[in-house]
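Please study the sequence and the three-dimensional structure shown below. The paragraphs that follow lead from a single side chain to its strands, and from there to the core and the aromatic residues.

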Amino acid sequence: MIFHKVFILLIAIMGSILVIADEVILETSQGKLLGITAGKDNNKISIYKGIPYAVPPIGNRRWKPPEPALSWQGIRHATSFGPACMQKSIHDMGTLSEDCLSLNIWTGGKIDKKRPVMVWIHGGGQKVGAGSLARFDGTALAKKGVVLVTINYRLNVFGYFAHPELSAESPNGVSGNYGLRDQIQALKWVRENIAAFGGDPNNITIFGVSGGADGVKQLLASPLAHGLFHRAIAQSGTSFTPIRLLKKSYMGEPSAETIGHRFGEKINAPSLAELRDIPARKITEQWWSQGDSVVGPDTLLVVDGWSLPDQIYSIFDQGKQSDVPVIIGFTADEATGLSRYGFVPPVPMDAAHYRAEVRGRYGELANDYISVYPADNIEDSVFNSVRDGAFGWGAQTWAKMTQNVSSKAYLYLFDHEPPWATGKTILFQPGNQQRRLGASHGAEVLYVFNTLQMDAETVYSQNIHNHMMDVISDYWVAFATNGIPDVKGLPVWKSYTDKSRNYMSFNDGNGLPSSNLYPGASEVYNKINAKRWEAGIFWSNKQNSLNGFIKKGERKQ
């Protein structure tokens with residue numbers, strides 16, 4: 001590596017800070033990269049941004065599996081993030097482009113040993129998001145001894161679109177799941193190149209939140225990803241909902257190819273050539289305005305017989321997933337921040353209406369349901385049932401099914417209340433009732449990355465939050481290092497078994513080892529979901545709790 005002293009003005013949420021940094025030139029298999037380093041001595045971190053891991057999926061490459069990135073001549077500047085993938089711009093994602101398949105790396109300044117590698121898969125329901133968001137800054141984790149990688153992958157209609165003509169042109173006769181294939185290609189790049197950045201290609205941990213945690217689950221299930229990683233962490237993205245099939249209808253849902261064909265007809269572009277000619281921004285707008293009417297439940301993933309050979313639940317149930325240790329968990333108030341996205345049904349006006357709705361939805365299981373979600377506090381019961389149905393049941397089921405392989409699972413609940421916990425979220429229903437956010441969906445992310453100050457600078461100095469950031473990130477780093485979340489001086493985190501049901505509670509202390517998380521919740525959703533599978537009811541995370549037991553035939557064919 002070659003270093004050059006420069007002055008760089010870093011702009012952060014907390015303000016403008018003038019720091020002395022170094023330019024660093026690193027030789028990779030693709031060519032030379034120019035990055036920057038910041039910090040001093042043992043705290044010096046090198047950062048490389050916007051590194052292409054695949055050929056741009058533009059033009060005729062739209063809706064094709066990723067191809068390995070090409071080499072370059074001279075020195076490539078890696079000092080700014082690449083564009084985010086195409087999406088509805090509901091957040092400030094900066095530049096959006098189809099040419100978005102890049103990754104970012106934070107690593108110790110001296111490439112003198114092989115460090116464990118952590119590859120972050122961002123959330124956003126596989127519809128929005130980017131690996132460049134400030135909350136995913138890898139500096140703090142790199143200072144704790146890992147090489148941190150964040151990636152972009154194709155989203156929404158660009159990442160999960162199937163069509164008969166796409167399947168016909170594929171050597172494997174399949175289409176869809178391009179976002180999943182992007183993640184696999186990124187992991188191949190990491191395996192082949194990360195040693196140049198001081199990372200150990202034989203010690204790679206994948207981790208993600210929400211849709212990124214779903215990506216982790218999909219990677220575990222995909223035979224194409226076997227051997228590309230050695231540990232996995234899934235944060236608040238653990239449900240095992242049904243997935244539609246590529247060519248056949250399933251549980252009353254049309255095939256993925258049928259949906260793709262219908263979408264093309266709806267926007268007057270019935271052929272693949274016409275679809276590829278539509279500008280990226282326009283097709284994004286068309287998908288958001290027209291897609292829901294042809295897609296239905298919010299999953300775009302497809303069982304294609306290639307990247308996903310079967311339903312993910314079946315793969316895990318048969319022990320055919322990658323045999324690696326996993327950390328799986330969710331937050332205590334998952335539903336609050338998701339109420340604006342339709343996850344939470346209207347709260348019944350009184351106990352009588354609540355019981356009537358439960359009986360109407362769950363029939364013979366109504367008493368089981370009410371025993372766990374009683375009518376004496378209806379609002380809590382509604383929100384808790386959404387938490388358990390969309391996240392908790394999946395997390396505990398995943399931990400349980402890890403016993404089908406030789407590796408261990410570690411379950412957690414993040415119930416530490418972040419600085420924004422007392423904020424209110426409006427429930428979109430008559431009366432606009434409000435509820436405090438608490439430990440809402442994805443709340444642990446800022447603690448894992450030690451980036452709380454980027455969202456909550458006014459409370460960053462509070463020791464209780466600093467301490468929790470250190471505790472949870474130390475557990476994550478230990479797991480990435482050794483496959484066991486064992487940290488000297490912190491409580492022992494025991495693995496999950498169906499008998500012991502151990503889990504770690506992350507509250508205001510060092511972590512509290514506990515067992516039997518939310519008694520009865522997993523059991524009642526075992527019964528509910530077994531009936532759904534038996535009855536052929538296609539449901540999504542948004543169709544849980546009171547509005548979740550959809551009867552067969554209610555959806556349009």
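The side chain of asparagine 104 reaches the backbone nitrogen of glycine 50 at 2.9 Å, and it makes a polar contact with the side chain of threonine 150, also given as 2.9 Å. A polar contact is a pair of N or O atoms within 3.5 Å; within protein, one must be able to donate a hydrogen and the other to accept it, and residues adjacent in sequence count only if both atoms are side-chain atoms. This is a predicted model, in which local features need pLDDT of at least 70 and side-chain atom pairs count only at pLDDT 80 or more, while totals for chains, interfaces and linings use all residues. Residues are numbered from 1 along each chain as its sequence is written, and side-chain values use heavy atoms, with hydrogens and water left out.

Asparagine 104 belongs to strand β8, residues 102–108. Helices (H or I, at least four residues) and strands (E, at least two) are DSSP runs, numbered from the N terminus. Because its relative accessibility is 3%, asparagine 104 counts as buried; the term buried means under 20% relative accessible area, exposed over 50% and partly exposed in between, with a 1.4 Å probe and protein chains only. The strand as a whole is mostly covered, with seven of its seven residues buried. Not counting residues up to four places away in sequence, asparagine 104 touches Tyr48, Lys49, Gly50, Phe81, Gly131, Ser132, Leu148, Val149 and Thr150, where contact means heavy atoms within 4.5 Å.

Which strands are joined to β8 by bridges? Strand β4 (residues 45–52) runs antiparallel to β8 and is joined to it by six bridges, and proline 52 has serine 102 in β8 as its bridge partner. Strand β10 (residues 147–151) is also antiparallel to β8, with four bridges between them. Here asparagine 104 stands opposite threonine 150, the residue whose side chain it contacts. Two strands pair if DSSP finds at least two bridges between them.

The view may now be widened to the whole protein. Its secondary structure comes to 15 helices and 20 strands, and 58% of its 557 residues count as buried. Of the contacts with a separation of 6 or more, 72% are between residues 24 or more positions apart.

The largest nonpolar core has 153 residues, and Phe207, Phe229, Trp476 and Phe506 have the most contacts inside it. Helix α12 (residues 378–401) supplies the largest share of this core, eleven residues. A nonpolar core is a set of buried Ala, Val, Leu, Ile, Met, Phe, Trp, Tyr and Cys residues joined through side-chain atoms within 4.5 Å. Apart from the largest core lies another, of five residues, among them Ala162, Val174, Leu246 and Ala256.

Alanine 399 has its place in helix α12 and counts as buried because its relative accessibility is 0%. Neighbours within four places in sequence aside, alanine 399 is in contact with Ile328, Ala409 and Tyr496. Alanine 399 and tyrosine 496 are 97 residues apart in sequence, yet 6.4 Å apart in space, C-alpha to C-alpha.

Aromatic residues form a further topic. A search of the whole structure finds 33 aromatic pairs. Rings of Phe, Tyr and Trp (its six-membered ring) pair if their centres lie within 6.5 Å; planes under 30 degrees apart count as stacked, over 60 as edge-to-face and the rest as tilted. Tyrosine 475 and tryptophan 493 form an edge-to-face pair, at 5.5 Å centre to centre and 90° between the planes. Tyrosine 475 lies in helix α14 (residues 463–482) and tryptophan 493 in the loop between α14 and β19, so the pair ties together parts 18 residues apart in sequence. Tryptophan 493 is buried, with a relative accessible area of 4%. The rings of tryptophan 476 and tryptophan 493 have centres 6.2 Å apart and planes at 35°, so this pair is tilted.

Beyond the loop, strand β19 (residues 502–506) runs antiparallel to strand β20 (residues 512–515), and four bridges join them. Asparagine 502 has serine 515 as its bridge partner in β20. The two strands form a hairpin with five residues between them, and glycine 511 in the turn has a positive phi of about 100°.
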